[in-house]
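The following exercises are meant for a reader who meets this structure for the first time. Each one sets a task and then works through its solution step by step.

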Amino acid sequence: MYIAQNVIHSIIASLIVECAIISWKIKAPPIKQWFRILVIFLPVISFPLYQLISPHRGDPYFRLNSLLDSNRWFFLEIWGGISVLFILIVIILLTSLIFLLQELIPIIADVIRKGPESDENIVIQETDELTELKLSKAFEGLPLERNAVEIIEDNDLTLFSTTGLSPKIYVSTGLINTFNAEHLNVALAHEIAHIKRSRRPILIIAYLFRIIMFFNPVAMFEFRRLAQEEENVCDRMAVMMTGKPNILIEAVDMLRSSSEGGDSEKSKGLDSIISAVENYSHDIQLINRIEKIKNYNQEDTNGWVIPFCLTATFIVLLNYYIV
Amino acid sequence: MSKIIKISSGLIWMLIFGGLIVAFIVFMNWLPLQFQTNTARQYSSIESAKLATGVENIMVPVYIPEGISWPPSLIIAQKKPYYALVMEFINIKTKETDLFIIQSSSGEAEKRFQKIDFIEIKEETGYILKGRHANLTVGNCKGGIECSKLDWQDGDTYCSVFLMSPAFKVIKVAESMIR
């Protein structure tokens, strides 16, 4: 009962949030994130909350007068006796499997491997003068110490950061060689934004709720959108820190060109298809980021509290009548 | 000012979208009923419930105590996950539920569909109802009203009759259901 209503409540919440984003023309990524969190947070608490308010909510008389009685669908038989409930169970099992394979196991494996300084990422201890000069130029105007940045031996354009008590930014030699100092400056600003954001761990809280809803395909989809939105939030912060939106656009575009045709020559058959799909999806994300950076000036981050509260109220009220 | 205009115009759009979402949900609630009659739904008459469930031997009381309206004010029937038919009869004056009949292929139905319940049970005893072993419960319901219930099994069908009256009347109602 909880699982079924959780999934349906998520679908409704997702629909309402999308409508709210369109209605109030919400473009700013951090605000969008707050709206999307409603889809992940509310369905977790809605069922126990509704049952607490009205213990008879599950009885047939409430169901008869409800807006949507899920049982009508679950016992509906389609395709030679297969019920909709059976299809839902299959979807739930698949989602749980994806959660296990794509999210939980990689996280555990990463913890066991003890962070980014693994065999795959060899940190360079000593760098040449030119690299140091380039880096010192890239650090200009950024709240960043040299010892917070590690350089890793990798020809690919790689840049990531770790959070925690002593956060670090990892830059690949490939990225340092390809990017000029200005590109490096905005790229580092983007990573600083990630570190700063980790002190207000909105994504971690959302992820904890997403773990509770490991079976829910809508929660999985929304959490991934939330994580993608995080990149836009950090791009926005990088622009605010450096004041160079066009340089950031160029840097992101350079990441696009580097990923085009990357592994396609090496891989064959199914691998090449998977690789092509991954590259395509990565490319779409980068294009979206570029579009978002171009439109930063049109974004309004004020006056969203009332729409947010109205949206949350609408979700809570509507889902009460969906059993 | 522009902030108020922005929120207001957004609210108008949200109301339009909200109306569309509610309409969509209502449609999704109606749609499965067009394909199947298996799950619990309300019927306007016992005949239509009989037709929908395909159950021929529905037990209907011939005797209805005075002051209770006929036909039933509420008829609910379902085929899945098990067969169940519920009839609610209200008091002509108070419009409150006075008689509640449940018949089902599962013993679970009584718990799931029962609308009225005892506040205090005075006595529980066995009773032979036209040759069938029945269970008679007597007690008080909401407002201190004397009420009684008779449960029995007729072949594969579980029956329950709950009446807001003394025991002899519930026995009379139950007996009138068995032919």
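**Exercise 1: two helices within chain A**

Helix α2(A) passes α13(A) in a right-handed crossing (the near helix is turned clockwise from the far one by less than a right angle; anticlockwise would be left-handed). The model is predicted: local features need pLDDT of at least 70, side-chain atom pairs count only at pLDDT 80 or more, and totals for chains, interfaces and linings use all residues. Residues are numbered from 1 along each chain as its sequence is written, chains are lettered from A and ligands numbered from 1 in the order in which they are written, and side-chain values use heavy atoms, with hydrogens and water left out.

Task: Describe the contact of α2(A) with α13(A) by class.

Solution. Step one concerns the axes: those of α2(A) and helix α13 (residues 305–320) of chain A cross at roughly 35° and come within 10 Å. Axes are lines fitted to C-alpha atoms, for helices over the stretch in contact, and angles run from 0 to 180 degrees between N-to-C directions. Helices (H or I, at least four residues) and strands (E, at least two) are DSSP runs, numbered from the N terminus.

Step two names the residues in contact (heavy atoms within 4.5 Å). From α2(A) come W34(A), F35(A), L38(A), L42(A) and Y50(A), and among their partners in α13(A) are F308(A), I315(A) and Y320(A).

Step three sorts them: eleven are nonpolar, two polar and none charged. Here Ala, Val, Leu, Ile, Met, Phe, Trp, Tyr, Cys and Pro count as nonpolar, Asp, Glu, Lys and Arg as charged, and the others, Gly among them, as polar.

**Exercise 2: a contact with charged residues**

Task: State how the residues of the contact of α10(A) with α12(A) divide.

Solution. The axes of α10(A) and helix α12 (residues 269–294) of chain A cross at roughly 40° and come within 10 Å. The two helices are therefore oblique (under 35 degrees is roughly parallel, over 145 roughly antiparallel, 65 to 115 roughly perpendicular, and the rest oblique). The crossing of α10(A) with α12(A) is right-handed. Contacting residues include E229(A), E231(A) and D235(A) of α10(A), and R289(A) and K292(A) of α12(A). By class, two residues are nonpolar, three polar and five charged.

**Exercise 3: a salt bridge**

Task: Which parts of the chain does the pair E230(A) and R197(A) link?

Solution. The two side chains meet in a salt bridge at 3.0 Å, N to O (a side-chain nitrogen of Lys or Arg within 4 Å of a carboxyl oxygen of Asp or Glu). E230(A) lies in helix α10 (residues 217–242) and R197(A) in helix α8 (residues 181–198), distant parts of the chain, 33 residues apart. Over all chains the count is 19 salt bridges.

**Exercise 4: between the chains**

Task: Characterise the interface of chain B with chain A.

Solution. In contact are 34 residues of chain B and 32 residues of chain A. The area buried is about 3000 Å², with 72% from carbon and sulfur atoms (accessible area, 1.4 Å probe, that two parts lose on being put together, summed over both). M14(B), I25(B) and N29(B) supply 21% of the area that chain B buries against chain A, more than any other three residues. Between the chains there are zero salt bridges.

Helix α1 (residues 2–23) of chain A and helix α1 (residues 2–35) of chain B pack at about 155°, with axes 9 Å apart. Therefore α1(A) is roughly antiparallel to α1(B).
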